[in-house]
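Trainee: I should like to look closely at a single part of this chain. Would you please take me through one region and then place it within the whole?

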Amino acid sequence: MSDAPGPDARRALLAVVFAVGLVTAAAAAPALAGQAPLGGLDSPPAPGEVPDLLRQLPGVDALLGEASSQGEFGAGASAFGALTPGRSASVGGPMSPGQRANATEAHFLAEADGSRYWRTEAYTTYTGSGWERQRVNRVQPPRPITERPIAWNEVTLRRPATSLPTPWRPINLTCANGCPTVTLTPTGGISASPAFTEGQTYRVQTIEQLSAPSVLDDVRVAGSVVDRAYTSVETTDRVRERAAEVVGDADNRYDAARRVERFLEANKTYSLTDVPEPGDRITDQFLFEQDAGYCEYFATAMTTMLRAQDVPARYVVGYAGGDYVGNGTYLVRGADAHAWVEVYFEDVGWVRFDPTPGDARETARDALHAGDRDFDVSLNRTAVPGERVTATVRTAGVPARGVALVVNGDRVGQTDANGTVSFAVPYAEQLSVDVETTVNVTESSGSLAPPPTGGGDRAYSVRSPALAQQDDGNDSAQTFDVNAEVAFAFAGEVEPGAERTLTVTVGGRPFPDAAVTVGGVEQGRTDEDGRLTVRIPEDASGVLDVSASRDDLSETAAYPVDDLAVAVSPSLVAPLPGTTATARVTSGGDPVGGAAVTVAGASVGTTGADGTVAFEIPLARAPAVAAAASEKTATTAIGWVLPSAAAAVIAAVALLAGLVTVARRRGVTPRAIATALVAVLRGATSSAVGALVALADSLDDLAAELRAAAADGWRGVFAWLASLPGRVHVPDVRARLAGLTGATDAQRDRDAGPTSTEGDAAAEGRLQALWRRFVAVVGVDRWETKTPAEVAREAVDRGFPAEPVDALAGAFRDAAYGDRAEESSVDRAEAALESVREDDREDREGEQ
């Protein structure tokens, strides 16, 4: 047997060498040319037809159109994250806060000849709760690519993307500085690895759809040459029955798809919020258990129903529409993310159908980013009337080319390639800036059918923006402040009957062609330097009104004819430092508005229409108040500021000294005050603790009573409630306070002690203090209305020892009814009170 390799071995070796050469060429071509040619429906044979030996070589899958980087995609994505679709996509459920925030963000800018669907990926397998992408075979439609029109579109990403948005069907992709590695997935998406970054721009070439709809009418309803994954589905029996009912007797695939599309549009409403939490049988749930849903529900239901009738269909995610921002450019946001259906037609390929109600979706889309502007306008400097400024218009951070700038209702120009336009600032106090665009209102050139009638045929066409205007309800005008401060200056003194040259400026620049009136008499219009010779009225006096106006800017100033006068009125009787005063500026007795006022050299503002301005009096000997208006000045001084301050200080010191003197005469010393405060705090604390303990006891008693009453039923409870008002008493706060006062007096008296001349009076005061302390200890209510004997009797009834109680009551009675209190009786009273307090403490400890 020969050792030479046989024919089979030589063919295998040749195939390997050939495959290695192709892989090397494919890897080098994008780097060398900055271009990434893509396969498509007209690509080489499907992966299933390639020998396994070649498929095992590195890079062959990428060469043949298999996406090799899908493993890096996240799972569980939805149509709202269409730039980074995962291998699986969840369906349904209310929008999350994150999705709502994403809806307002710009995703990309696209240059196209009309509004389009921007496809990012398609899914093959229905899981019941969503979709998955699995490896499938592509097929090659027999119609040559040369029979299809070709179009180029440019896309600038505003967010990173692993799946590039393109119209269907992409065949080529280029980047100005070279593209990262891209591959075409089996379901027709363009995958980028690594991801295209924010700001990346690419151009994509696509095959436009055919112009004659008749090519779809001859394709049978069921059966296809595409992968079996597109015609098989696991779903419920009632979904299959409903699909058969809707498709009915349709004799071609196009009619079958249109019937399902129209059925969903007519029987379900669009809502992003009125939807339940998703389950594990989305199509069944949407068809039979809920009334509303959004694009994911509609597209999933249509795909499932068609597959149930053996019609090849797939679930597609991407974007639809966008806001036209001029120069053939569309701004596409997260709110434009969308899901739809593609149905396969032999000899044509995949054709789009969209069962989602278009008008309701547009309304919801606008609401998602209501208030978000499509354009941002900035000025290169502060606007001054009559001066030229340059405005820069951007959309999603990119210069907006070829859009019209509208300032205060007038078009002022169109932006250049850098998004800039220069204009003269109108004479107004504020700028209101809008941006307008011009839109071609004809149907997209990519349409397969004429403009739809009677509901529209969206299997072929994409609706363009409705009208040629920028304001679609999502934008609001931007406003800019204008330096529109108008000033007047006369050459020489203003005298009645004299002619003077008046110079008018606005924002520090001449105010040309302004209509001027002086004292209500029209004088003419200023020249290019803002000057005009005017005549002062013969009867001018006091304040002369001078005005200038042009377009939307008008200003009137009060010009003083007579000398200025300034007067100051303090808010108090005397001008004390730190208090408020009012300066009033007049000319000939008329108030002068707009006069600049300074106090002690510091500006405090300008006068209002009444000629006044308020300020704070500074600490100075005689602060000067100066006013200036129209080259006239007046000055006055605030007198008696320091003397008033000194007098206030002396009065305060004298008042304090008087209070101290009175306090000393009444025996009040700092030590006595401190002692009294300590006694009050102690007494208050003791009273608070006692009150809380009593409250707790009362609540326990009430709870026990309520339980006993409840044993007799609801009648017993009502009877118990009715008895409460008669048994609830408000504490005698006055008696408690009197007790505290007595304790304070006693403490003070013990600390101070009597003098030789005031001994008797002091003894009587001490005895009264002891009595107050006594009634506070025993807790006798309204003791002021009772005799000492009655108080003593009530104290004994409460369990206090009779002997010390009687001794204390007798001493107080003797002093209260005329007898002088002696030191010995006071001492006995103190001993008796101490005995009562000791007994009270023992009783409390026994209770504990």
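Mentor: The account below begins with one sheet and the helix beside it, and then moves outward to other parts of the chain.

The model is a predicted one. The part to examine is an open sheet of four strands, arranged in the order 4-15-18-19 with antiparallel pairing. Strand 4 and strand 19 stand at its edges; each has a single partner strand, so one side of each is left without a neighbour in the sheet. From one strand to the next, the twist averages 40°. Within the sheet, strand 15 (residues 313-320) and strand 18 (residues 337-345) run antiparallel and are joined by seven bridges. One residue pair to find there is Ala313 and Val343, the latter being the bridge partner in strand 18.

Helix 8 lies across strand 4, strand 15, strand 18 and strand 19, and runs at about 15° to strand 18. How many of the residues of helix 8 are buried? The helix is mostly covered, with 14 of its 14 residues buried. Its length can also be checked. Helix 8 comprises residues 295-308, and at 1.5 Å a residue its 14 residues should span 20 Å; the end C-alpha atoms are 20 Å apart, which agrees. After the helix comes Asp310, whose phi is positive, near 65°.

Pro357 offers a further view of this neighbourhood. This residue sits in the loop between strand 19 (349-353) and helix 9 (358-368). Pro357 has a relative accessible area of 15%, and because buried means under 20%, Pro357 counts as buried. Its contacts, leaving aside neighbours within four places in sequence, are with Glu265, Lys268, Tyr270 and Phe298. Glu265 is 92 residues away from Pro357 along the chain, yet the C-alpha atoms of the two are separated by 5.5 Å.

Strand 4 also leads to a charged pair. Side chains of opposite charge can pair when their charged atoms come close. Glu121 forms a salt bridge with Arg133, with 3.8 Å between the closest N and O atoms. The pair links distant parts of the chain, twelve residues apart: Glu121 belongs to strand 4 (residues 117-123), and Arg133 to the loop between strand 6 (130-132) and strand 7 (150-157). Both Glu121 and Arg133 are buried.

A second sheet may be set beside the first. Four strands in the order 32-31-34-35 form this open sheet, again with antiparallel pairing. Its edge strands are strand 32 (521-525) and strand 35 (553-560), each of which pairs on one side only. Neighbouring strands here are turned by 20° against each other on average, direction ignored. Strand 31 (residues 515-518) pairs with strand 34 (residues 543-550) over four bridges in the antiparallel sense, and Thr517 stands opposite Ser547 in strand 34.

This second sheet has a salt bridge of its own to consider. The side chains of Asp513 and Arg525 meet at 2.8 Å, N to O. Asp513 lies in the loop between strand 30 (509-510) and strand 31, while Arg525 lies in strand 32, so the pair ties together parts that are twelve residues apart in sequence. Asp513 is partly exposed, with a relative accessible area of 34%, and Arg525 is likewise partly exposed, at 45%. Another salt bridge joins Arg550 to Asp551, where the closest N and O atoms are 3.9 Å apart. Asp551 is exposed, its relative accessible area being 63%.

A hairpin completes the selection. Strand 23 (residues 404-407) runs antiparallel to strand 24, and four bridges join them. Val406 stands opposite Arg411 in strand 24. Two residues lie between the strands of this hairpin, and Asn408 takes a positive phi near 50°. Strand 24 (residues 410-414) is hardly covered, as the count of buried residues among its five residues is zero.

Finally, these parts may be placed within the chain. Its secondary structure comes to 17 helices and 43 strands, and 44% of its 848 residues count as buried. Of the contacts with a separation of 6 or more, 67% are between residues 24 or more positions apart. The chain exposes about 41,400 Å², of which carbon and sulfur atoms supply 52%. The count of salt bridges is 27.

Methods
Residues are numbered from 1 along each chain as its sequence is written. This is a predicted model: local features need pLDDT of at least 70, side-chain atom pairs count only at pLDDT 80 or more; totals for chains, interfaces and linings use all residues. Side-chain values use heavy atoms; hydrogens and water are left out. Two strands pair if DSSP finds at least two bridges between them. Axes are lines fitted to C-alpha atoms, for helices over the stretch in contact, and angles run from 0 to 180 degrees between N-to-C directions. The expected span of a helix is 1.5 Å times one less than its number of residues. Buried means under 20% relative accessible area, exposed over 50%, partly exposed in between (1.4 Å probe, protein chains only). A salt bridge is a side-chain nitrogen of Lys or Arg within 4 Å of a carboxyl oxygen of Asp or Glu. Contact means heavy atoms within 4.5 Å. Accessible areas come from the Shrake-Rupley method with a 1.4 Å probe; for residues, only the protein chains shown count as cover.
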